[in-house]
Amino acid sequence: MNDPKTLADRIEDLLPQTQCTKCGYDGCRPYAEAIAAGNANYNQCPPGGAQGVARLASLLGKPVIPINPDNGLERPRAVAFIDEQLCIGCTLCMQACPVDAIVGAPKQMHTIVKDLCTGCDLCVAPCPVDCIAMIPVTGEATGWDAWTQQQADEARVRHDRRLARQTAERNAAEARAAARRASTHAQAQPGAPADVAAAQASITQPASAPTDDAEAKKKAIIQAALERARRKKAEMTEQGLGPRNVEHVSADVQAQIDAAEARRKRIGIEPDAGAGNGEKHDVTRNDDDQSAR
Ligand code: SF4
Ligand code: SF4
Ligand code: SF4
């Protein structure tokens, strides 16, 4: 019986799925496709380590070669840890995480779900206050000795789900923008023929009902999460455990927070009534917070 899998599929099956991009590609699947197409060597995945290279060499009928040091070193696996006392809730780490292993809400503390973290490091660089540390958790074990096939399979599912969600969100945003353009165009042309107006209505109307339902549900879920986070923040503040640097951030950090808030407004999420009591962050201070980085 023929194996329906392509060579890229079989290569991808052998990769660790941390989605770390250390191979030079935007995740394990693009790297697998590049190897299959002959555009990348099979020794560019540090998380897979020497054993990973051996697996690929066996599949490809090639010799075992060392990991290319330009792609990084094989090392014990780490998981990310957020210092919640420093976190300013900018959401940049959540946006960077390829497997949705970070939970939080804008202006609230963020937390890593340890069991979901692949140790990819991708959340570390975007954090404007350097409050994410990578903590090794596998002792001396590296590569596939530090990472199971089940963990790889689960990370792959989460990554695929995230990509599908991002594609759906992008498509929905494009559809809304197209509907708005069509509506604006129709209003600018009051004498437009009825069939054109009907066509415009057919573009906007059928798509809007399910989208509205999904949007409303999504907003309700996010609002509930925000409310839970707000309550937690209030409790921690009462105990003197709240984030310390929320109110005085640098201009750079403030700009990133403003961008995150603008995105929230675009998707229609209500501002968090309890977060900062409507205060605007002090954008004039640009010394202590940044020098602490
Ligand atoms: S685990 Fe990282 S380096 Fe290895 S293939 Fe996947 S994205 Fe590339
Ligand atoms: S939490 Fe950070 S290190 Fe862990 S998977 Fe997400 S981006 Fe990677
Ligand atoms: S401050 Fe750092 S840990 Fe907190 S949400 Fe922003 S990027 Fe994530």
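This report walks through a predicted model of one protein, from its overall make-up to its helices, its ligand shells and a few single residues.

**Overall picture**

Let's begin with confidence. The mean pLDDT of the protein is 79, and 65% of its residues reach 70 or more. Two stretches call for some caution. Over residues 195-209 the pLDDT is below 50, and this stretch has 11 contacts in the model beyond near neighbours in sequence. The pLDDT is also below 50 over residues 242-248, a stretch with 22 contacts beyond near neighbours in sequence.

As for the fold, the protein has 8 helices and 4 strands. Reading from the N terminus, the elements run α-α-α-β-α-β-β-β-α-α-α-α. Of the 293 residues in the protein, 28% are buried. If you take the contacts between residues at least 6 apart in sequence, 71% of them join residues at least 24 apart.

**The helices α1, α2 and α3**

Which residues of α1 are buried? They are Ile11, Glu12 and Leu14. Looking down the axis of α1, these buried residues fall within an arc of 155 degrees, so they line one face of the helix. What covers them includes α2 and α3.

Now for α2, which spans residues 28-36 and has Cys28, Arg29, Tyr31, Ala32 and Ile35 buried. They too line one face of their helix, because the buried residues of α2 fall within an arc of 160 degrees when seen down its axis. The cover over the buried residues of α2 includes α1, residues 7-14. After α2 comes glycine 38, with a positive phi near 80 degrees.

Helix α3 takes in residues 49-60, 12 residues in total, and reaches 17 Å from its first C-alpha to its last, close to the 16 Å expected at 1.5 Å a residue. Its buried residues are Gly49, Gly52, Val53 and Leu56. Why do they sit on the same side of α3? They cover an arc of only 100 degrees around the axis, and that puts them on one side. The general background is that an α-helix has 3.6 residues a turn, so residues three or four places apart point the same way. Once again, what covers the buried residues includes α1. Just after α3, glycine 61 takes a positive phi of about 70 degrees.

**Three ligand shells**

The model also holds ligands, and here is how three of the shells are made up.

| Ligand | Residues around it | Closest residues | Nonpolar / polar / charged |
|---|---|---|---|
| Ligand 1 | 15 residues | Cys20, Lys22, Cys23, Cys28 and Cys45 | 9 nonpolar, 5 polar, 1 charged |
| Ligand 2 | 14 residues | Ala80, Cys97, Cys117, Cys120 and Cys123 | 11 nonpolar, 2 polar, 1 charged |
| Ligand 3 | 15 residues | Cys87, Cys90, Cys93, His110 and Cys127 | 11 nonpolar, 4 polar, no charged |

There is a link back to the helices here: Cys28, one of the closest residues to ligand 1, is also one of the buried residues of α2. The shell around ligand 3 has no charged residues, while the shells around ligand 1 and ligand 2 each include 1.

**Some single residues**

A couple of backbone angles deserve a look. As a rule, most residues other than glycine have a negative phi. Glutamine 17 is not a glycine, yet its phi is positive, at about 65 degrees. You'll find glutamine 17 in the loop between α1 and α2. Is glutamine 17 buried or exposed? It counts as buried because it has 28 C-beta neighbours inside 10 Å, and the cut-off for buried is 20 or more.

Aspartate 130 also has a positive phi, near 50 degrees, without being a glycine. Aspartate 130 lies in the loop between β3 (111-112) and β4 (132-136). With 14 C-beta neighbours inside 10 Å, aspartate 130 counts as partly exposed.

Another aspartate to pick out is aspartate 160, in helix α5 (residues 149-188). Aspartate 160 has 14 C-beta neighbours inside 10 Å, so it counts as partly exposed. How far is its C-alpha atom from that of proline 98? The two C-alpha atoms are separated by 9.2 Å, although aspartate 160 and proline 98 are 62 residues apart along the chain.

Note on methods: Residues are numbered from 1 along each chain as its sequence is written. Chains are lettered from A and ligands numbered from 1 in the order in which they are written. This is a predicted model: local features need pLDDT of at least 70, side-chain atom pairs count only at pLDDT 80 or more; totals for chains, interfaces and linings use all residues. pLDDT is the predictor's confidence in each residue, from 0 to 100. Two residues are in contact if their C-beta atoms, placed from the backbone, lie within 7 Å. A residue is near a molecule or strand if its C-beta atom, placed from the backbone, lies within 6 Å of it. Ala, Val, Leu, Ile, Met, Phe, Trp, Tyr, Cys and Pro count as nonpolar, Asp, Glu, Lys and Arg as charged, and the others, Gly among them, as polar. A residue is buried if 20 or more other C-beta atoms lie within 10 Å of its own, exposed if 12 or fewer, and partly exposed in between; C-beta atoms are placed from the backbone. Helices (H or I, at least four residues) and strands (E, at least two) are DSSP runs, numbered from the N terminus. The arc is that of the directions from the helix axis to the C-beta atoms. The expected span of a helix is 1.5 Å times one less than its number of residues.
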